[in-house]
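Biologist: Please take me through one part of this model closely. I would like the strand pairing and the backbone geometry at the turns.

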Amino acid sequence: MKLPFFRGFFIGIALSVILLNSAHALYYDFEKGDQGWEQINGTCKAEKGVYIVTGSDGVGVLPDSDWKDEWTDYTAECQVMMEQGPDNMGLLVRYQDSTTYYIFAIMNGRQRAEIWSRVGGQYTDEKDIDFPNEMNEWYKIKVVAKGEDFEFYINDELIAEWSDDKLESGKVGARTYSSVSHFDNVLITGSGIPASKGEPGAAVDLATKLATTWGNVKNRD
Ligand SMILES: [Ca+2]
């Protein structure tokens, strides 16, 4: 009578491991350089374990070789810190080229967060949210993109939701406007996105544990 119970128990654990870790990530911690990130505008460099973007319209994006256009829905997050202001630092999603993307930015000068679109060079201020913020302080910003629906988080708190259909696909980048800003721990999860070496959660190690667990389950037969 005990065997079926234990078998179910172990299968349950194995399935939990699969479900908890099905979201693999692209992950950039910049500890060993820029990890192939491409400077588009302004000055972008990896230094002392962070990615520093400088300029009015300073833009760096992850390498094309890491990305597939079919990854339209994803969650992108990073940590940001403004060293010199006064304007803004932001995460880019659905980035298609140097003139076309969505921006989620913390604006130091205006003390708020702002959502912008830029399409063919045409900027639109889509949404503004009051958000007091300070120089030299790290913030975690996150965008969830799912079809035409978007969620925006700062320090894991949902601060805005928005729907838009202008841009259906595109990768992730970092941007500054009239600031020197630091970016770190860029993490992108979503369906089909593979595991990265060193990503939080160490998916490869868990896969090994999972195989062991399944082996144990089989041995119990
Ligand atoms: Ca780092």
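Modeller: What follows covers a run of paired strands, then some backbone exceptions elsewhere. This is a predicted model; local features need pLDDT of at least 70, side-chain atom pairs count only at pLDDT 80 or more, and totals for chains, interfaces and linings use all residues. Residues are numbered from 1 along each chain as its sequence is written.

Start with strand E6, residues 100–107, and strand E7, residues 112–119. Strands here are DSSP runs of E, at least two residues, numbered from the N terminus. E6 and E7 pair in the antiparallel sense, over seven bridges. Pairing requires that DSSP finds at least two bridges between two strands. Within this pair, Ile103 is bridged to Trp116 of E7. Four residues separate the strands of this hairpin, and Gln111 in the turn has a positive phi of about 55°.

E7 also pairs onward. Eight bridges join E7 to strand E8, residues 122–130, again antiparallel. Val119 has Gln122 of E8 as its bridge partner. This hairpin has two residues between its strands, and Gly120 takes a positive phi near 60°.

Now the exceptions elsewhere. Most residues other than glycine have a negative phi, and most peptide bonds are trans. Gln35 has a positive phi, near 55°. Gln35 sits in the loop between strand E1 (25–28) and strand E2 (38–47). Gln35 counts as partly exposed because it has 18 C-beta neighbours inside 10 Å; the class lies between buried (20 or more other C-beta atoms within 10 Å) and exposed (12 or fewer), with C-beta atoms placed from the backbone. Asn185 has a positive phi of about 50°, but its place is in strand E12, residues 171–189. Finally, the peptide bond joining Gly85 and Pro86 is cis, with omega about 15°. Pro86 is in the loop between strand E4 (74–84) and strand E5 (88–97).
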